[in-house]
Amino acid sequence: TSGLDKRQRELIAELPNRDVVALIYPHLCARIEDSQFSEECHRVLSVVCLELPACARVILPQDVLDRLNRVLNHLSFSSLISLICKKYDQQAFAAQVSGEMDNLRFNVAHLVNV
């Protein structure tokens, strides 16, 4: 994902899967608030929530976390979802999320063309 530098990509790769979801989840919620397709986006988010840990705290030094959040804040909904799918590569959860993203793209294309 273009906004992350090499160190940030390595950092995300080192984090446990559920910590990555916890880190990205608030950014996904913010994108949905700004979206005219919030209903469609919520379907994707409902699948992401399946992996959201009960205690959603990512333990990183505050300055590192702040820089990472600044970059994530500029990524699109689709780019954020891609980060999660890459983290869960070859697992059923990634396939579920990808499937919901495909449905979202189809529905948005249909709504735009109506």
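These are my notebook entries on the fold, the nonpolar core and one helix of a predicted model.

**Entry 1, overall fold.** I began by counting elements, and I found that the protein chain has six helices and zero strands. I then compared its spread with that of a compact globule: for 114 residues the radius of gyration would be near 13 Å, and the chain has 14 Å, which agrees. Along the principal axes, the C-alpha atoms fill a box of roughly 50 × 25 × 25 Å. When I looked up burial, I noted that 39% of the 114 residues count as buried.

**Entry 2, the core.** I next looked up the largest nonpolar core, which has 37 residues, and I wrote down L28, L72, F77 and I81 as those with the most contacts inside it. The elements that give two or more residues to this core are α1, α2, α3, α4, α5 and α6, and α2 gives the most, with seven residues. I reminded myself that in soluble globular proteins nonpolar side chains tend to be buried together.

**Entry 3, helix α2.** Because of that contribution I turned to α2, which has 17 residues and reaches 25 Å from its first C-alpha to its last, close to the 24 Å expected at 1.5 Å a residue. I also noted a bend of about 35 degrees at I24, with the proline P26 following within four residues. The buried residues of α2, among them V20, L23, H27 and R31, pack against α1, α3, α4 and α5.

**Entry 4, L28.** Which residues is L28 in contact with, leaving aside its neighbours within four places in sequence? I listed L45, V48, F77, L80, I81 and I84.

Note on methods: Residues numbered from 1 in each chain as written. Predicted model: local features only at pLDDT ≥ 70, side-chain atom pairs only at ≥ 80, totals over all residues. Heavy atoms only, no water. Core = buried A, V, L, I, M, F, W, Y, C linked by side-chain atoms within 4.5 Å. Buried < 20%, exposed > 50% of the residue type's maximum accessible area, 1.4 Å probe, protein only. Contact = heavy atoms within 4.5 Å. Expected span 1.5 Å × (residues − 1). Bend = angle between axes of the 7 residues up to and from the residue. Rg over C-alpha atoms; globule rule 2.2 N^0.38 Å.
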